[in-house]
Amino acid sequence: MPKAFLNPHMRLSFTAIIALLAFGLRPAAGTPKCPAQDELLAKAEIVVEARVKSLSIGESGLLLTENFPSRMVRADLEIKRVIKGKFLGKEATVYGAVYPPGPFMELTAMALSYGFDGRDTFEWELSRREIGDDVALFSMNACNYHKFPDGAVAPR
């Protein structure tokens, strides 16, 4: 076994990326489409009004097999207010696997409009995913509630 996998931090990181990819691949693997946004809002535990401070797609830095995709999406959110549930932080970081695509076009539009007051906020469910005993992250690949301003949502 390579020395990198003996390091507890590397094992945790590897577990995190596998969990992200497993959560992210569900819709592509033939599961049903996400419910309507009003149903997702009703089931959501934490919903915030947020702004995208930064959005990036890049290498995860994890040591994976040769044919395994290692790219991840990261969105740094600035929390303006809590709409539903309890969240004390003023910032949150949301992670996702590149496949299947989530609302990345909309998040990109929101990142580009950061600073245009009144047009740069949107509603987003902070969907917590446990990836270990003491480790969790906010995922963007699950069926999350989101509501973007009309100009940010492209017709599909």
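**Close-up 1. What packs over helix α4 in this predicted model.** The cover over the buried residues of α4 includes β1 (47-59), β2, β3 and β4 (122-125). The helix itself spans residues 104-112, and its buried residues are F104, E106, L107 and M110. Looking down the axis of α4, you find these buried residues within an arc of 160°, so they line one face of the helix. Turn to the other side of α4 and you meet M105 and L112, which are exposed.

**Close-up 2. R51 and its two acidic partners, E78 and D120.** Start with R51 and E78, whose side chains meet in a salt bridge at 3.2 Å, N to O. R51 belongs to strand β1 and E78 to strand β2, so this pair ties together parts that are 27 residues apart in sequence. Now swing over to D120: its side chain also meets that of R51 in a salt bridge, here at 2.8 Å, N to O. D120 sits in the loop between α4 and β4, while R51 is in strand β1, so the pair ties together parts 69 residues apart in sequence. How buried are these side chains? R51 has a relative accessible area of 10% and is buried. D120 is at 2% relative accessibility, which also counts as buried. E78 comes in at 18%, so with the buried class defined as under 20% it counts as buried too.

**Close-up 3. The rest of the salt-bridge network, with K80 added.** Which residue besides R51 meets E78 in a salt bridge? K80 does, with its side chain 3.7 Å from that of E78, N to O. Unlike the buried E78, K80 counts as partly exposed, at 42% relative accessibility. Put the pieces together and R51, E78, K80 and D120 are linked in a network of salt bridges. Over the whole structure there are seven salt bridges.

**Close-up 4. R51 over the ring of Y114.** R51 has another job for your eye here: its charged end sits over the ring of Y114, 4.1 Å from the ring centre. Keep the earlier views in mind, as this is the R51 that meets E78 and D120 in salt bridges. R51 is buried, and so is E78.

**Close-up 5. F87 and F138, an edge-to-face aromatic pair.** Four aromatic pairs are counted in the model. In the one formed by F87 and F138, the rings lie 5.9 Å apart centre to centre, with 65° between the planes. Where do the two residues come from? F87 is in the loop between β2 (71-84) and β3 (91-97), and F138 is in strand β6 (residues 136-139), so the pair ties together parts that are 51 residues apart in sequence. Both partners are buried by the numbers: F87 at 19% relative accessibility, F138 at 17%.

**Close-up 6. The aromatic cluster of F122, W124 and F148.** F122, W124 and F148 form one aromatic cluster. While you are at this spot, recall that β4 covers residues 122-125 and is among the elements that cover the buried residues of α4. β4 also has the highest mean pLDDT among the elements of the chain, at 95.

**Close-up 7. S139 and its surroundings.** S139 is found in strand β6, the strand that also holds F138. Is S139 buried or exposed? At 2% relative accessibility, S139 counts as buried. What does S139 touch, once its neighbours within four places in sequence are left aside? Its contacts are V94, Y95, S127, R129 and N144.

**Close-up 8. Stepping back to the whole chain.** The chain has four helices and seven strands, and from the N terminus on they run α-α-α-β-β-β-α-β-β-β-β. Of its 156 residues, 36% are buried. Among contacts with a separation of 6 or more, 67% are between residues 24 or more positions apart. As for confidence, the average pLDDT is 79, and 72% of the residues score at least 70. Helix α1 (residues 3-6) has the lowest mean pLDDT among the elements, 54. Where pLDDT is low, the predicted coordinates should not be read in detail.

Note on methods. Residues are numbered from 1 along each chain as its sequence is written. This is a predicted model: local features need pLDDT of at least 70, side-chain atom pairs count only at pLDDT 80 or more; totals for chains, interfaces and linings use all residues. Side-chain values use heavy atoms; hydrogens and water are left out. Rings of Phe, Tyr and Trp (its six-membered ring) pair if their centres lie within 6.5 Å; planes under 30 degrees apart count as stacked, over 60 as edge-to-face and the rest as tilted. Helices (H or I, at least four residues) and strands (E, at least two) are DSSP runs, numbered from the N terminus. Buried means under 20% relative accessible area, exposed over 50%, partly exposed in between (1.4 Å probe, protein chains only). A charge sits over a ring if NZ of Lys or CZ of Arg is within 6 Å of the ring centre and within 35 degrees of the ring normal. The arc is that of the directions from the helix axis to the C-beta atoms. Contact means heavy atoms within 4.5 Å. pLDDT is the predictor's confidence in each residue, from 0 to 100. A salt bridge is a side-chain nitrogen of Lys or Arg within 4 Å of a carboxyl oxygen of Asp or Glu.
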